[in-house]
Amino acid sequence: MTQKQQSTQADLHPQTNDDVLAAVKWAAGEEVPLEIIGQGSKRALGRPMQTAHTLDMSALTGVTLFEPEELVLSAKAGTPLEEIVKLLDQHNQELQFEPMDIGPLLGNKPKLGTLGGLVSTNLSGPRRLKAGSVRDHILGVTAVSGRGEVFKSGGRVVKNVTGYDLSKGLTGAYGTLAVLTDIIVKVLPRAETEQTLVIVGLTDADAAQAMATAMGSNAEVSGAAHLPAELNQGQAHTYLRLEGFTPSVASRIENLSSLLKSMGAQERLDEEASRKCWINVRDCLPFAAQRDAPVWRVSCTPSEGHAIVHAVKNQTDVSAYYDWQGGLVWMQMNDGNPNAPILRNTIQQHGGGHATLIRADVATRQSTDVFQPQPAPLAALSKRYRENFDPKGVLNPGRMN
Amino acid sequence: MSGLMMPPLDQSVLARRARIVADLSAIVPGEGVVSDEHAMRVFESDGLTAYKALPFIVVLPETVEQVAAVLKYCSAGGIKVVPRGAGTSLSGGALPLEDAVLLVMSKFSRVLDIDYPNRCAVVQPGVTNLGITHAVAGEGFYYAPDPSSQIACSIGGNVAENSGGVHCLKYGLTANNVLGIEFVTIEGEVMRLGGKHLESEGYDLLGVLTGSEGLLGVVTEVTVRILQKPETARALLIGFPTSEDGGQCVADIISDGIIPGGMEMMDRPAIHAAEDFVHAGYPLDVEALLIVELDGPEAEVDYLIERVEKIARNNKSSTLRISTNEEERLSFWAGRKAAFPAVGRISPDYYCMDGTIPRKELPTVLARMRELSNHYNLRVANVFHAGDGNLHPLILYDANIPGELAKTEEFGAEILKLCVEVGGVLTGEHGVGVEKRDLMPEMFTEDDLKQQQRVKCAFDPDQLLNPGKVFPQLHRCAELGRMHVHRGNVPFPDLPRF
C-alpha cells in the first residue's frame with residue numbers, strides 16, 4: 001500500500017532541492033497544505049490529514065557522502081533506507097539505532113521507507129536501549145521550513161555544539177516543521193557477532209527484574225525484551241542480546257548466564273536465531289496478523305512496564321510485550337477500542353511516560369489523540385515552536401495534533 | 001573578541017536597581033540576593049577569564065518556585081537574566097551583563113533519586129558532574145560524559161553546553177545521556193521533558209534545550225543515565241614519526257570496527273610540554289603521540305589490545321607501550337590530562353580553541369596551523385580528541401604584551417575558519433558563548449541563523465535570557481516572524497505533476 005497509485009491528491013514531484021523550495025514557497029504563499037511523503041510506508045502513522053497536495057520526495061535520492069573510516073554518511077531525504085542499509089552492510093557498518101520496519105505491522109510490504117521518513121518518525125529498534133535513538137545519530141540536516149526558507153543545522157562531525165541542535169529538533173517531528181532534503185547520520189561498525197540468552201517461563205514481573213539485573217551488570221546487553229507465553233507459542237521468553245567481538249560475546253554470555261542462573265531455565269540463540277528473534281521484537285511482528293486491533297507504543301519507566309500492563313489488563317482485554325527492558329511496551333487492544341484514557345491514566349499512575357497509537361484505522365485516528373496530549377504550557381510552547389518553522393501550517397498540518 | 005559588542009544597556013532597568021534588589025530579596029530571602037559590588041566581583045567572569053563584567057544583581061535561588069518567581073518578575077519588568085552553573089564555561093556562556101540578573105544555580109546541589117533498576121539518577125542542576133559518579137560509584141555505576149572540568153562543572157551547565165569529554169566517541173555527549181529535565185521558561189512556567197522513560201514525547205525540545213547555552217530556559221532538575229563501570233580498561237601509548245601516520249592509525253582502528261573508550265592525540269609541542277611537567281615517560285622524538293584506551297570485559301580488552309597493536313605497527317609506529325596494570329594506564333593519561341596546565345607553565349597565558357574537523361583533515365589542518373603560527377609569531381600546541389575529530393589548539397601568548405591578546409584571537413579565529421573550511425565546525429564541546437559568536441556566519445547562512453533565533457523566540461519572545469551570546473546579531477522576534485511572501489506573486493513552481 002504505497003498509496004501512490006490510489007491517491008486522488010495532486011502530487012508535486014520535486015527533482016531537486018530547488019524544486020522543494022519552490023513548492024514550499026508556493027504552498028506558503030497560497031496557504032495550501034502539503035502532505036510530505038517518501039515511499040508512503042508510514043502514511044498511516046499520526047492523525048489523518050486533509051491536504052490537497054502531496055509533496056512526493058521519492059525522487060530526491062542518493063547517498064551523497066559516505067566515509068566509513070570517518071563514521072559518516074550523508075544522503076538525500078528520499079533515499080530508500082534499504083539502499084543505505086545495504087551499502088553500510090558492505091562495509092560492516094550499520095545504523096546503530098536499529099531502525100524499525102513498520103511495514104508488516106501496518107499491513108504493508110517490508111523494507112520500504114526512506115531516510116527522511118525514518119528521521120521524521122524517530123522509530124528506533126531494540127538497540128535504542130544501549131545505543132540511543134535515531135535522534136542521537138543525526139549529525140546534521142538541510143531542510144526547507146514551512147516559511148519557504150532553506151536552512152541547515154549541525155554538520156558532518158560527531159562532536160558539535162555550534163548553535164541549537166535543530167537536527168534533533170526536527171527528528172520525530174513527522175514533517176510538521178520543515179521538509180528534510182539532506183540528512184547526515186553517524187554510522188558505526190556492525191558487531192562481529194551476536195548471541196541471545198533466553199530465560200524461559202518468567203512472569204512479566206520476574207522478567208522485569210531479570211532484565212534490570214542484566215542491564216545493571218557489565219555484560220553490555222544490547223537488547224532486553226520479554227514475550228509472554230500468549231504471544232510466543234505458549235512459552236514466555238525473556239531475551240537478552242549480547243553483541244560484539246567473538247571472544248567478548250563468548251565471555252560475557254557465560255558471566256550473564258551465571259548471574260541469572262537462579263531466575264529460571266536458560267537457552268541460547270546463536271547468531272542466526274538471535275537475528276531472527278530481534279527482528280520479531282523490533283518490527284512488532286507478534287501483532288502483525290490481527291490487522292483490526294489498535295496497537296500502542298508505550299514509552300514508560302522500564303521497571304513500571306509490567307505494572308502498567310497488569311493494570312490495563314484489569315480494565316480491558318489487551319496483549320502486550322516488552323522491549324527496552326520494559327521501557328517500551330507494545331500493546332494490542334483486542335476489543336478493537338483504543339481505550340486511550342484507560343491506558344494514559346494508567347501510565348500516569350505509574351511514573352509517567354507516553355503512549356502513541358501506531359496502528360488504527362482512519363476513523364479511530366481521527367477521534368483519538370494519536371500522540372500523548374501535553375500539559376497546557378508545554379502544548380503552547382510546542383505550538384509556538386512549530387509556528388516559528390511553519391507559521392501558515394502548510395506542512396503536514398494536524399498530523400501530530 | 002576584544003572589541004566585543006554586547007547588547008546596549010537598558011537604562012530604565014539600571015535606574016530601577018534599588019527597587020529591583022528589594023523585590024528580588026522578597027522572592028529569595030536571606031542571603032539569596034547579592035548586590036554589593038565587592039561580593040559580586042567573584043561572579044564577574046567564567047572559565048573564559050579574558051572577559052569580565054560586573055553583574056547587575058546576583059541571585060542564588062534555592063527552590064524551583066523561587067526560580068520561577070524570579071524569572072516571572074524579570075520577564076514582566078523587561079530585565080535580562082544570565083543563568084550560571086559552576087561558571088566553568090570556556091566560551092563566556094555565563095559572562096555577566098551589567099544590566100542582567102545573574103541567576104546562580106549553585107544551591108541546587110542535591111541528588112534527589114538514584115534508581116539502579118532503571119539505571120538513572122535524578123539530580124538538581126548544581127550537582128557536579130563528578131558528584132553524580134561519586135553518588136553511584138558504590139554500586140559500581142558512573143555517569144559517562146567527562147568534561148575535563150568534571151570536578152567543578154555542574155550538570156545543569158553540562159546540559160546547557162551539551163558537554164563532551166574524552167569518552168564521547170563511545171559513550172556520547174551530554175545530550176545522549178540525559179533522559180529528562182525540568183526547566184523554567186523566562187515567563188516562569190515550569191515544564192518537564194522526558195523522565196525515566198527513554199523518549200520525550202512530542203517535539204524533541206529536550207534535544208533543542210541541551211546545548212542551548214542558557215538562552216531558552218533555566219534547568220532545575222536533570223535525569224541522567226548511569227552506566228555500570230566497564231570491567232576493565234587498558235591503554236596503548238603509541239608514538240609516530242609524522243601526524244599523517246598517527247591519523248592513518250586512528251582511521252584504521254575505526255575501519256577495523258573498533259570504537260575505543262578514549263583515543264587522544266598530542267602533537268610535538270604538547271608532548272614536550274606535558275613530559276617536562278609530569279614526566280609521564282612520553283617519547284620526545286615523535287611528531288604525534290596517540291593514547292588508545294580500550295574498556296569493557298577483560299576478554300574483549302585483551303583481544304582488542306592485540307588488534308590495535310598490530311594496526312599501530314602497520315602504521316609505522318616508532319614507539320609503542322601497552323599498559324599492564326592500572327598504575328601504568330594512569331601514567332599514560334597523566335601527561336594528556338595535565339596538558340593544559342603544562343602549556344600554562346611554558347607560557348604566561350594560553351588560549352584554548354575547540355574546533356572539530358573530519359579526522360582525515362588533521363595533517364592538512366596541522367600544516368596550515370604551523371604556517372599561521374609562523375605568520376602570527378605565536379606558538380601553538382595541539383591536543384586532539386582523535387576519535388571524534390575535536391581539536392584543541394592551545395595558542396601560547398603573553399597578555400602583558402600590548403596587542404598580543406588581539407593577535408591571539410585573530411589567530412584563533414583563523415584556526416576556526418580553517419576548521420569550517422575543511423568541513424568541520426566552530427566548536428565541538430566548549431560552546432559558542434561570546435567567544436565564537438561573531439564567527440557564526442562562517443558556518444551558517446543568515447537564514448540558518450534566523451531559523452535558530454526563531455526557535456529562541458518560541459521560548460523567549462522578548463529575548464531576555466542570556467542575550468548577546470551565541471548569535472552575532474539580535475533581531476526582534478516580530479521581525480523574524482514576518483514572512484516575505486506575497487499571495488499570487490510567487491510563481492507556481494514548475495514541477496512535474498500528474
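## Sheet, domains and chain contact

In chain A, three strands (DSSP runs of E, at least two residues, numbered from the N terminus) form an open sheet in the order β1-β3-β2, with parallel pairing; two strands pair if DSSP finds at least two bridges between them. The edges are β1 (10-12) and β2 (34-37) of chain A, each with a single partner strand, so one side of each has no neighbour in the sheet. From one strand to the next the twist averages 30°, with axes fitted as lines to C-alpha atoms and angles running from 0 to 180 degrees between N-to-C directions. β1(A) runs parallel to β3 (residues 53-56) of chain A and is joined to it by three bridges. A:Leu12 has A:Leu55 in β3(A) as its bridge partner.

This is a predicted model, in which local features need pLDDT of at least 70 and side-chain atom pairs count only at pLDDT 80 or more, while totals for chains, interfaces and linings use all residues. Residues are numbered from 1 along each chain as its sequence is written, and chains are lettered from A and ligands numbered from 1 in the order in which they are written.

Chain B is divided as follows, with bounds from an automatic or database domain assignment.

| Domain of chain B | Residues |
|---|---|
| domain 1 | 11-104 |
| domain 2 | 111-228 |
| domain 3 | 232-340 |
| domain 4 | 347-438 |
| domain 5 | 439-475 |

Taken over C-alpha atoms, the centres of domain 1 and domain 3 of chain B are 44 Å apart.

The contact between the chains takes 84 residues from chain A and 88 residues from chain B, where two residues are in contact if their C-beta atoms, placed from the backbone, lie within 7 Å. On the side of chain B that touches chain A, the elements giving two or more residues include α9 (243-255), α11 (298-314) and α17 (446-459) of chain B; helices are DSSP runs of H or I of at least four residues. α17(B) gives the most to that side, with nine residues.
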